[in-house]
Amino acid sequence: MAWLYAEYIADELLRTGDLVPSSTLEYRAGRQTLALTIYLSDQADELSGIRVVSQLDEWLSLTAYGHPWQEWVRERMERRVAEGGGPDLALATETWEWLQRTELLAADLDSSLQWHRAGIEVDEDDQVWTPAWELGLPLGHLAIHLF
């Protein structure tokens, strides 16, 4: 039940932010990345409505640019497996695998940041194939921030 609740919260955050249409792969990447963050940050599988608001700052920190999110997810997933899985962990594992193996064509954000810092105009049409989680992470972060 904890996984389904995490997905529900992620979906609500993204819908409220109204950043991308809900029918797109980008939206799915954002929702799944955010749901994984929410699920793995809840140590006791006890997300409740009141605690959601108190955890927004933690989720912002976890999804911030430069945070080693991928390593954090791996560590948390390993810990959950060692504690003994369950249906929630199975759904989270399936999601993590989808986020890693699915690639989406997106603006080259890393290249753009380098050029922007150097004062050179950025070609926004420059795109690269990127794992879904790398696109979903900033989308989720922005959705939390807008909430």
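Me: Let's start at the front end. Where is the place of M1 relative to α1?

Reply: M1 sits in the segment before α1, the helix covering residues 2-17. Keep in mind that you're looking at a predicted model.

Me: Is M1 buried or exposed?

Reply: To read this, look at the relative accessible area: a residue over 50% is called exposed. M1 comes out at 74%, so it is exposed.

Me: Which residues make the nonpolar surface patch?

Reply: M1 joins L4 and L91 there, and the patch comes to about 330 Å².

Me: Let me step back. How many helices and strands are in the protein chain?

Reply: Count seven helices and two strands. Going along the sequence, the order is α-α-α-α-α-β-α-β-α.

Me: And what share of the 147 residues is buried?

Reply: Buried residues make up 42% of the chain. As for what the outside is made of, the chain exposes about 8,400 Å², with carbon and sulfur atoms supplying 53% of that.

Me: How much of the contact set joins residues 24 or more positions apart?

Reply: Take the contacts with a separation of 6 or more: 73% of them link residues 24 or more positions apart.

Me: Now one helix in detail. How do I check the span of helix α4 against its residue count?

Reply: Work from a rise of 1.5 Å a residue: the 14 residues of α4 (69-82) should then span 20 Å. The C-alpha atoms at its ends are 20 Å apart, which agrees.

Me: Which residues of α4 are buried?

Reply: W69, Q70, W72, V73, R76, M77 and R80 are. Down the axis of α4, these buried residues fall within an arc of 155 degrees, so they line one face of the helix. The general idea is that an α-helix has 3.6 residues a turn, so residues three or four places apart point the same way.

Me: Which residues are exposed on the other side of α4?

Reply: There you'll find E78 and A82, both exposed.

Me: Let me zoom in on M77. What is it in contact with, leaving aside its neighbours within four places in sequence?

Reply: M77 belongs to helix α4 and is buried, with a relative accessible area of 7%. Beyond its sequence neighbours, M77 is in contact with L36, L40, L89, A92, T93 and W96. For L89, the C-alpha atoms are 8.0 Å apart in space, while the two residues are twelve apart in sequence.

Me: What about T95, buried or exposed?

Reply: T95 is part of helix α5, residues 87-101. Its relative accessibility is 7%, and the buried class is anything under 20%, so T95 counts as buried. Once neighbours within four places are set aside, T95 is in contact with W3 and Q32.

Me: On to charges. How many salt bridges does the structure hold?

Reply: One. The side chains of D11 and R15 meet in it, at 2.9 Å from N to O. Both residues lie in helix α1, four residues apart, which is about one turn of the helix.

Me: How do D11 and R15 score on accessible area?

Reply: D11 is buried at 15%, whereas R15 is partly exposed at 47%.

Me: Which residue 128 positions along the chain from R15 has its C-alpha 8.3 Å away?

Reply: That's A143: its C-alpha and that of R15 are separated by 8.3 Å. A143 sits in helix α7, residues 132-146, and is buried with a relative accessible area of 1%. Leaving out neighbours within four places, A143 is in contact with L13, L14 and L19.

Me: Last topic, backbone angles. How should I read the sign of phi?

Reply: Most residues other than glycine have a negative phi, so a positive value in one of them is worth a look. Here, D18 has a phi near 50 degrees, and D18 is not a glycine.

Me: Where does D18 lie?

Reply: D18 is in the loop between α1 and α2, the latter being residues 25-41. At 63% relative accessibility, D18 counts as exposed.

Me: Which residue takes a positive phi just after α4?

Reply: That one is a glycine, G84, with a phi of about 100 degrees.

Note on methods: Residues numbered from 1 in each chain as written. Predicted model: local features only at pLDDT ≥ 70, side-chain atom pairs only at ≥ 80, totals over all residues. Heavy atoms only, no water. Patch = residues over 30% accessible without salt bridge, like charges linked within 9 Å, V, L, I, M, F, W, Y side chains within 5 Å. Areas by Shrake-Rupley, 256 points an atom, 1.4 Å probe, with all protein chains shown as cover. Salt bridge = Lys/Arg side-chain N within 4 Å of Asp/Glu carboxyl O. Buried < 20%, exposed > 50% of the residue type's maximum accessible area, 1.4 Å probe, protein only. Contact = heavy atoms within 4.5 Å. Expected span 1.5 Å × (residues − 1). Arc of directions from axis to C-beta.
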